[in-house]
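Me: I should like to learn how to read several features of a structure, beginning with a pocket. Could we go through them in turn?

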Amino acid sequence: MFASLDVLNKIFIGKESFWAMIFYTAFPTTLISTMVTPTLPQLGLLALLGAGANLLLFCLLKSFSLVDASALAPFRYTELMWSAAVGALIFGEIPAVSTLVRTAVIIPSTLYVVWAENQKAKSSN
């Protein structure tokens with residue numbers, strides 16, 4: 001699902017403006033978040049979270065407009081490492097062994113595919 005969202009973003013970035021795509025993401029999220037009325041401190045945290053998420057999406061869409069989605073895959077997988085680190089440091093969540101094993105398969109596999117594609121592109125030039 002993670003990669004399919006990247007592919008969809010790459011497809012639509014040429015057809016829609018950045019701001020329209022950010023709106024398409026933010027609007028449903030806003031509707032879902034209004035199911036429970038947040039307190040004032042929660043509202044502030046939600047605003048901060050929304051600003052950060054929209055900044056992240058803007059940067060992601062900008063990168064998709066500049067390079068192919070497959071070239072960004074290794075950088076996107078660093079999110080796995082950051083998520084695990086933040087979860088461990090802030091929430092005390094230690095990733096399960098199955099998560100670590102899957103990560104140990106996914107990241108090197110992706111890096112190999114990118115490397116192989118680069119080698120193929122170099123040899124064809």
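**Reading the second largest pocket**

Reply: The second largest pocket holds about 150 Å³ of space. Please keep in mind that this is a predicted model.

Me: Which residues line the second largest pocket?

Reply: A lining is read as a list of residues, which is then sorted by position. Here the lining consists of Asp68, Ser70, Ala71, Ala73, Thr110, Val113, Val114, Glu117 and Asn118.

Me: Which helices supply at least two residues each to that lining?

Reply: Helix H4 (69-76) and H6 do so. Of the contributions to this lining, that of H6 is the most, at five residues.

Me: How do the lining residues divide into nonpolar, polar and charged?

Reply: Four are nonpolar, three are polar and two are charged.

**Reading exposure**

Me: Is Ile22 buried or exposed?

Reply: The general idea is to compare the relative accessible area with a cut-off: under 20% is buried, over 50% is exposed, and partly exposed lies in between. Ile22, found in helix H2 (residues 18-33), has a relative accessible area of 8%, and is therefore buried.

Me: How does Pro41 count on that scale?

Reply: Pro41 belongs to helix H3 (residues 40-66). Its relative accessibility is 59%, so Pro41 counts as exposed.

Me: And how does Ile106 count?

Reply: Ile106 has its place in helix H6 (residues 97-124). Because its relative accessibility is 36%, Ile106 counts as partly exposed.

**Reading a surface patch**

Me: Which residues form the nonpolar patch on the surface?

Reply: A patch is read as a group of residues, with their accessible area taken together. In this case Trp82, Val86, Leu89, Ile90 and Phe91 form the patch, and their accessible area together is about 660 Å². One of these residues, Leu89, lies in helix H5 (residues 78-91). Leu89 is exposed, because its relative accessible area is 74%.

**Reading separation in sequence and in space**

Me: What separates the C-alpha atoms of Ile22 and Leu57 in space?

Reply: Two values are read side by side, one along the chain and one in space. Ile22 and Leu57 are 35 residues apart along the chain, and their C-alpha atoms are separated by 6.9 Å.

Me: What are the two values for Pro41 and Asn9?

Reply: Pro41 and Asn9 lie 32 residues apart in sequence, and the C-alpha to C-alpha separation is 33 Å.

Me: What are the values for Ile106 and Phe27?

Reply: In sequence, Ile106 and Phe27 are 79 residues apart; in space, they are 32 Å apart, C-alpha to C-alpha.

Note on methods: Residues are numbered from 1 along each chain as its sequence is written. This is a predicted model: local features need pLDDT of at least 70, side-chain atom pairs count only at pLDDT 80 or more; totals for chains, interfaces and linings use all residues. Side-chain values use heavy atoms; hydrogens and water are left out. Patches are made of residues with over 30% relative accessible area and no salt bridge: like charges are joined within 9 Å, nonpolar side chains (Val, Leu, Ile, Met, Phe, Trp, Tyr) within 5 Å. Accessible areas come from the Shrake-Rupley method with a 1.4 Å probe; for residues, only the protein chains shown count as cover. A salt bridge is a side-chain nitrogen of Lys or Arg within 4 Å of a carboxyl oxygen of Asp or Glu. Helices (H or I, at least four residues) and strands (E, at least two) are DSSP runs, numbered from the N terminus. Buried means under 20% relative accessible area, exposed over 50%, partly exposed in between (1.4 Å probe, protein chains only). On a 1 Å grid over the protein atoms alone, a cavity is a set of points where a 1.4 Å probe fits but cannot get out, and a pocket is an open set with protein on both sides within 12 Å along at least five of seven lines; lining residues have an atom within 4 Å of a point. Grid points are joined across faces, edges and corners, and a volume is the space filled by probe spheres set on the points. Ala, Val, Leu, Ile, Met, Phe, Trp, Tyr, Cys and Pro count as nonpolar, Asp, Glu, Lys and Arg as charged, and the others, Gly among them, as polar.
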